[in-house]
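Dear colleague,

I am handing over the structure below, and my notes on the ligand site and on the enclosed space follow it.

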Amino acid sequence: MNADDNRYFWPHKDLLDVTQLSPEETLHLLDLAERFQDINRRPVKKVPTLKGKTVVLFFAENSTRTRTSFDVAAKRLSADTYALGKSDSSISKGETLKDTALTLQAMGPDVIVVRHSNSGAAGYLADLLNCSVVNGGDGWHAHPTQALLDCFTLRQTWEGNFSGRTLLILGDIAHSRVARSNVHLLSMLGVSVRLCAPRTLLPAGVDAWPVEVYADLKQAVRDVDAVMCLRLQLERQQAGLLPDLAEYSRRFCLDAGHLALAKTRAKVLHPGPLNRGLEISDAIADAPASLILEQVSAGVATRMAVLYLLATRRD
Ligand code: CP
């Protein structure tokens, strides 16, 4: 594939949130990711498509999957990558987000991927910078490439049919940018979405979301096509939301007994990192029904598609 193949008009300078994508744009991006998935299965997993382009990975919050897979994705397209974290940058000496971003832009990148603990940080940089900005996760707000890779994984599993499918999202929804992005994207494509969490881990305003909300896991999981477990974000917990982890695990940890209530070939997803035994049992995390590692490899292909669309777009 070369840059001239990008005849599809991609109107977005940045990818900040899935709410900016139409169903047609989403499906185009997923089709493209499938073509990149083919490249990822070859013995030599590299094409010259983005040779001469530069991608900066600016991760002011820790990451394993997102940071590594963007790096792998860019390199498989022959782009040059440079990574910067909070502790190894001058942010640790007090440099502001604005000055850090302007400094990075002065080196001429085509795309900056940013992760930040503040909701809205990626949007702030997109307004400030001329290069493309990809949101690699900002606070509780959005994680668009995670939702796109989850969508890619489910589309392959469901052989392209979203309509008539039901997904249960289970766990710490209040603090989850993954849940927010997935609810929007998957319901836009026709998936029925259920949420199950303790009341204290549901976000304010959830009544306005296009979802059904359950407090009881056995009821929530009945006849679903897939369950997405979410990490209990212990580092973001405020005092009093979850006084008893053992009680949480007893009521909300997905195990084989729960999965038996779902459809026969129901699948399990988790964006990672996992708290085994807290939100997902060991046995289920490693079961054949688990798509957790498929999600990781889908992340490379999906992020290749995102980088390709942004780095080759024409105004
Ligand atoms: N799913 C996800 O964002 O994982 P990382 O925090 O490891 O990037």
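A polar contact here is a pair of N or O atoms within 3.5 Å; within protein, one must be able to donate a hydrogen and the other to accept it, and residues adjacent in sequence count only if both atoms are side-chain atoms. This is a predicted model, in which local features need pLDDT of at least 70 and side-chain atom pairs count only at pLDDT 80 or more, while totals for chains, interfaces and linings use all residues. Residues are numbered from 1 along each chain as its sequence is written, and side-chain values use heavy atoms, with hydrogens and water left out.

Three such contacts involve consecutive entries in the numbering: an N or O atom in the side chain of Ser63 is 2.6 Å from a ligand oxygen, a polar backbone atom of Thr64 is 2.8 Å from a ligand oxygen, and for a backbone N or O atom of Arg65 the distance to a ligand oxygen is 2.9 Å. Of the 260 Å² of accessible area that the ligand has on its own, the protein covers 92% (Shrake-Rupley method, 1.4 Å probe; for residues, only the protein chains shown count as cover).

The residues around the ligand (a heavy atom within 4 Å) include Arg115, His143, Gln146 and Pro271. Domain 1 (3–142 + 296–311) and domain 2 (144–291) both contribute to this shell, so the ligand lies between them; the bounds come from an automatic or database domain assignment.

Best regards
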